[in-house]
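User: Please take a close look at one part of this structure, the largest cavity and what lines it. I am new to this model.

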Amino acid sequence: MNLYSIYLKSSTQHPTPTMKQIIILFGPPGAGKGTQSELLSDKMGLYNFETSKILEKNFREAENLPENSEERFVKIDGEKFDILNEKENWKNGKLCSPPYVAYIVINEIKKLSKEENNLILSGSPRTIYEVEKIAPVLEELYGKENIKIILIEIKPEETIFRNSHRKICELMRHSILFNDETENLTICPLDGSKLVKREGLDDPETIKVRLKEYTERTYPIFDYFEKNGFKIEKVNGEQPIADVFKDILNFVK
Ligand code: ADP
């Protein structure tokens, strides 16, 4: 028996269990969910599931459709959603319709889980409706013990400060950390594209709407998680990015 057949034999007797894990990051706008998801994804090889990117792609596609095209509408449980209306909500800092988002997220997660992807979610769920639809799917696919929920906490003033100072790059949407050294930066240090503000989304009035949506509609999700036996870990988001990351790693490793 050569080494190869020994390996095959032992690997059939003791199949390596597939490590399945899903990390859900929560927190108010500007808490650092996007920043930390990218770090976690790089460090742990988890797939970074960005609801906002999927929504924005759908919005762009809908905008390019001929007027009155039926593809602009999505029918879910007998209700019809106009993707361009969803974009209006989004632009004004309002959450998109929960059934529309839940539908998109569940479809994507089901696809990804077939490819055995371990995931980080930082943009979903955002409402009780969504968590009631999405959490059971996650539980079925990953098992409750493999779902790690982390709340990154920052104060409302910090949300407003970070978002009103936020710059992203045009090409890849890299977020640039605001400090004395980056304050006057005009191009992205990673890809050289122009740095811009997120039009509408980071205007002071819109940030207030986003914060209100978070407090009234997203924060209550914690009750759901607690009542349903999920553990929630809290991390202080008002520390340097590397320290927030270290605290998160303590919970997910
Ligand atoms: P969220 O996804 O929670 O809205 P982001 O990760 O997009 O938050 O971060 C929002 C802004 O705050 C970005 O400009 C980012 O560079 C900055 N930021 C993120 N984490 C920190 C931190 N720990 N300290 C200071 N600024 C941060």
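Analyst: What follows describes the largest cavity and then the nonpolar cores.

This is a predicted model, in which local features need pLDDT of at least 70, side-chain atom pairs count only at pLDDT 80 or more, and totals for chains, interfaces and linings use all residues. Residues are numbered from 1 along each chain as its sequence is written, and side-chain values use heavy atoms, with hydrogens and water left out.

The structure holds 1 cavity of 30 Å³ or more. A cavity here is a set of points, on a 1 Å grid over the protein atoms alone, where a 1.4 Å probe fits but cannot get out; lining residues have an atom within 4 Å of a point. The largest cavity has a volume of about 40 Å³, taken as the space filled by probe spheres set on the points.

Its lining includes Phe26, Lys33, Arg126 and Tyr214. Strand E1 (22–26) and helix H8 (204–218) each supply at least two lining residues; helices are DSSP runs of H or I with at least four residues, strands runs of E with at least two. By class, the lining has 4 nonpolar, 5 polar and 2 charged residues, with Gly counted as polar and Pro as nonpolar.

Phe26, one of the lining residues, is also in contact (heavy atoms within 4.5 Å) with Phe225. Of the 40 residues in the largest nonpolar core, Tyr100 and Phe225 touch the most other members. Such a core is a set of buried Ala, Val, Leu, Ile, Met, Phe, Trp, Tyr and Cys residues joined through side-chain atoms within 4.5 Å, buried meaning under 20% relative accessible area with a 1.4 Å probe, protein chains only. Helix H5 (residues 98–114) gives the most to this core, with 7 residues.

Definitions and conventions
Buried < 20%, exposed > 50% of the residue type's maximum accessible area, 1.4 Å probe, protein only. 1 Å grid on protein atoms, 1.4 Å probe; cavity = no way out; pocket = protein on both sides within 12 Å on 5 of 7 lines; lining within 4 Å. Lists of a residue's contacts leave out its neighbours within four places in sequence.
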